[in-house]
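Hi everyone, thanks for coming along. I'd like to walk you through a model, so let me put it on the screen.

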Amino acid sequence: MSELYGDDYITITDEDGVEYELEVLCSVEYQGSTYLGVCPAGSDEDEEQELEVSVLKVTEEDGEEILVAVTDEDELAAVYELLLDD
């Protein structure tokens, strides 16, 4: 999946080899899968701008956990609602 370096921070690498540092805000279970609410590491919630939160789904590929973007709008809406309630 990624390299963890703390309880709330992960580094992910996209298919082009670009690394991103993300803060994990929360995780929820939905229909047997785990989803993470993440934002770019270093985002300050006290800033006046809106916090950009992304939803990533934990899946398994070749025996390794990976994170994938949720593309189904209904699935995304349901998970986002759960994340807000968390």
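Let's start at Asp-62, which sits in the loop between E5 and E6. Please keep in mind throughout that this is a predicted model. What is the phi of Asp-62? It is positive, about 55°, although Asp-62 is not a glycine. As background, most residues other than glycine have a negative phi. Is Asp-62 buried or exposed? Its relative accessibility is 80%, and the cut-off for exposed is over 50%, so Asp-62 counts as exposed.

There is a second residue of this kind, Gln-31. You'll find Gln-31 in the loop between E3 and E4. Its phi is near 50°, again a positive value in a residue other than glycine. Gln-31 has a relative accessible area of 69%, and is therefore exposed.

Now let's step back to the whole chain. The protein has one helix and six strands, and along the sequence they follow the pattern β-β-β-β-β-β-α. Of the 86 residues in the protein, 26% are buried.

So what is on the inside? In general, nonpolar side chains in soluble globular proteins tend to be buried together. Here, the largest nonpolar core has nine residues: Ile-10, Ile-12, Leu-22, Val-24, Leu-36, Val-38, Leu-56, Val-58 and Leu-67. Which elements give two or more residues to this core? They are strand E2, residues 9–13, strand E3, residues 19–30, strand E4, residues 33–40, and strand E5, residues 54–61. There is also a second, separate core of seven residues, and Cys-26, Tyr-35, Val-55 and Val-79 are among them.

Val-79 takes us to the helix, H1, where Val-79 is buried along with Glu-75 and Leu-83. Where do the buried residues of H1 lie around its axis? Looking down that axis, they fall within an arc of 65°, so they line one face of the helix. Turn to the other side of H1 and you meet exposed residues: Glu-73, Asp-74, Glu-81, Leu-84 and Asp-85. We can also check the length of H1. The helix runs over residues 73–85, and at 1.5 Å a residue its 13 residues should span 18 Å. The C-alpha atoms at its ends are 18 Å apart, which agrees.

Next, the largest pocket. It has a volume of about 420 Å³ and is lined by 15 residues. Which of them lie nearest its centre? Those are Ile-12, Thr-13, Asp-14, Tyr-20 and Leu-67. Two of these names may sound familiar, as Ile-12 and Leu-67 also belong to the largest nonpolar core. By type, the lining divides into 10 nonpolar, two polar and three charged residues. E2, E3, E4, E5 and strand E6, residues 64–69, each supply at least two residues of the lining. E4 gives the most, with three residues.

One last stop, still in strand E6, where we find Ala-69. Is Ala-69 buried or exposed? Its relative accessibility is 54%, so Ala-69 counts as exposed. For a bit of geometry, compare Ala-69 with Val-58, a member of the largest core. The two are 11 residues apart along the chain, and their C-alpha atoms are separated by 9.2 Å.

That's my tour. Thanks for listening, and I'm happy to go back to any part of the picture.

Terms used
Residues are numbered from 1 along each chain as its sequence is written. This is a predicted model: local features need pLDDT of at least 70, side-chain atom pairs count only at pLDDT 80 or more; totals for chains, interfaces and linings use all residues. Side-chain values use heavy atoms; hydrogens and water are left out. A nonpolar core is a set of buried Ala, Val, Leu, Ile, Met, Phe, Trp, Tyr and Cys residues joined through side-chain atoms within 4.5 Å. Buried means under 20% relative accessible area, exposed over 50%, partly exposed in between (1.4 Å probe, protein chains only). Helices (H or I, at least four residues) and strands (E, at least two) are DSSP runs, numbered from the N terminus. On a 1 Å grid over the protein atoms alone, a cavity is a set of points where a 1.4 Å probe fits but cannot get out, and a pocket is an open set with protein on both sides within 12 Å along at least five of seven lines; lining residues have an atom within 4 Å of a point. Grid points are joined across faces, edges and corners, and a volume is the space filled by probe spheres set on the points. Ala, Val, Leu, Ile, Met, Phe, Trp, Tyr, Cys and Pro count as nonpolar, Asp, Glu, Lys and Arg as charged, and the others, Gly among them, as polar. The expected span of a helix is 1.5 Å times one less than its number of residues. The arc is that of the directions from the helix axis to the C-beta atoms.
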